[in-house]
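Trainee: I am new to this model and would like a close look at a single part of it. Could you walk me through one residue and its surroundings?

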Amino acid sequence: MQIKALPGFRDFYPEDFAYRRHILEAWRRVALRYGFEEYDGPPLEQVDLYTVKSGEEIVTQLYAFTDKGGREVALRPEMTPTLARMVSARARGLKKPIRWFSMPQLFRYERQQRGRLREHFQLNCDLIGEAGPAGDAEIIALAVDIMRELGLTSGDVRVRLSDRRLLNAVLGEVGLPEGQHGLAYQLLDKLGRGEYGKVKEALEEGGAPPDALARLEKVREIRDWDGLSDAFPAAANAADPLRQVVGTLEAMGLGEFVDLDLTIVRGLAYYTGVVFELFDARGELRAICGGGRYDHLLEALGGDALPALGFGMGDVVLLELLRERGLLPQASPQVDVFLAAVTPEDLPEVLGLAHLLRDHGFRVEYPLTMTGVGKQLGLANSRGARYAVVLGPEDRKRGEVQLKDLGSGEQRSVSQAELPKILRGMGLEDSRAPSPQPSQTSHG
Ligand code: HAM
């Protein structure tokens with residue numbers, strides 16, 4: 001019997017892992033450039049952490065079970081509740097605003113479809129303790145800069161931007177009672193995707209005035225501030241924070257990425273202000289990233305009341321988009337130098353040299369089983385090695401090696417002692433971590 005990976009779970013063969021690393025490294029580089037610090041939490045949490053505030057949809061998708069100690073637990077489906085819990089526990093001791101990022105693997109029992117799996121990696125960047133629109137702009141700019149870092153332009157990806165405060169004002173202006181706002185949000189969300197008949201019926205059955213729903217459908221057409229003021233003159237005042245966010249993004253030179261879109265509501269229950277999603281510009285794929293402001297979540301989980309906002313960006317859709325646009329890196333060779341021994345008697349010296357070169361930070365391999373030199377060089381080629389170093393009895397006597405450029409086929413004798421210096425001079429990188437610098441303290 002052959003046991004396969006579970007549906008919706010991925011095997012990362014080395015070539016897949018290289019793409020995953022390409023994305024995760026870009027995430028980390030840009031987050032660090034914005035002054036964010038990395039954190040992590042446990043992959044398994046008490047189920048209550050999600051039932052309190054995440055919203056119905058995510059709770060139905062939980063991988064939840066009772067552990068051997070009788071605790072109700074769940075694999076994390078998102079990071080925000082863990083973050084809120086961690087920050088709340090130490091809120092007073094942390095310098096605000098807190099800028100934290102994490103790249104957890106998350107688990108949701110979703111119906112499998114293009115761009116949606118049952119596990120994914122998700123970059124989370126969150127800013128806690130900042131209430132003003134400059135914070136919203138900073139978070140959105142960070143998401144956009146990750147797109148730019150990966151080679152995507154405003155022709156490839158769009159930020160669709162809205163604000164729950166503005167949406168509430170619109171629902172008030174058309175005359176929908178608060179009890180129907182939940183369903184109205186679903187209607188707005190579905191308007192963006194075109195399949196809203198059922199939700200509309202439910203609202204009508206609940207007593208929503210038909211002219212209110214007809215006005216609400218206009219939301220789909222609003223693309224700029226004038227369109228907003230024409231359709232909803234009273235609610236337009238509630239757009240001030242959003243206008244400031246867009247103005248700030250324009251000042252940063254990122255305005256061309258942003259579209260006003262009031263059909264963006266976000267499914268999660270905790271959002272309170274600006275909300276946004278990133279999509280491929282052709283609108284063919286699911287969301288790349290989603291986030292927004294959640295000013296009451298920390299308090300709801302028992303912490304201090306602290307304003308907060310952030311986003312989650314998944315690796316699955318992003319990978320699809322990068323693949324479609326031809327923006328994935330070429331496989332790079334994993335070995336710099338392959339050492340070959342002419343006779344079994346040369347092997348001890350080959351081993352000594354291999355380890356010397358590794359100590360210098362070169363990526364080195366040698367044959368583990370003695371074979372003919374031709375076969376060894378064949379292995380060197382299949383590993384993508386740039387250079388072969390061949391050592392035979394004559395070379396040993398002279399303290400030399402044959403250095404062969406596997407690209408050009410050129411070969412020359414060089415001294416063993418000089419080999420590290422010569423290889424470094426030929427542009428091979430040092431794979432060693434930089435040596436730690438003594439930390440500076442202000443204590444005299
Ligand atoms: P979310 O919209 O549920 O938000 O997920 C964010 C992103 O994660 C999505 O846009 C998508 O790229 C990716 N994603 C989600 N589910 C899946 C899946 N089943 N398969 C593949 N990719 C997926 C949140 O999770 C919020 N906690 C984000 C946040 C952080 N809000 C504030 N801070």
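Trainee: Where does S88 lie?

Mentor: Happy to help! S88 lies in helix α4. Before we look closer, remember that this is a predicted model, where local features need pLDDT of at least 70, side-chain atom pairs count only at pLDDT 80 or more, and totals for chains, interfaces and linings use all residues. Residues are numbered from 1 along each chain as its sequence is written, and side-chain values use heavy atoms, with hydrogens and water left out.

Helices (H or I, at least four residues) and strands (E, at least two) are DSSP runs, numbered from the N terminus. Helix α4 covers residues 80–90. S88 counts as buried because its relative accessibility is 18%; the term buried means under 20% relative accessible area, with exposed over 50% and partly exposed in between, using a 1.4 Å probe and protein chains only. S88 has company in this: T80, P81, T82, L83, A84 and V87 of α4 are buried too.

Now for the neighbours. Contact here means heavy atoms within 4.5 Å. Setting aside residues within four places in sequence, S88 is in contact with L298 and G303. For the helix, the buried residues of α4 pack against β2 (44–46), α2 (48–51), β5 (98–102), β7 and α12 (297–300).

One of those partners, strand β7, deserves a stop of its own. The strand runs over residues 119–128 and contains Q122. Q122 is buried as well, because its relative accessible area is 10%. Beyond residues up to four places away in sequence, Q122 touches W27, S102, M103, P104, L106, R108, G312, M313 and G314. The side chain of Q122 also makes a polar contact with the side chain of H120, at 3.3 Å. A polar contact is a pair of N or O atoms within 3.5 Å; within protein, one must be able to donate a hydrogen and the other to accept it, and residues adjacent in sequence count only if both atoms are side-chain atoms.

For contrast, try D11, found in the segment before α1 (14–33). D11 counts as partly exposed because its relative accessibility is 47%. Not counting residues up to four places away in sequence, D11 touches A5 and D16.

Finally, the wider setting: the chain is assigned domain 1 (14–324) and domain 2 (337–425), with bounds that come from an automatic or database domain assignment. The C-alpha centres of these two domains lie 54 Å apart.
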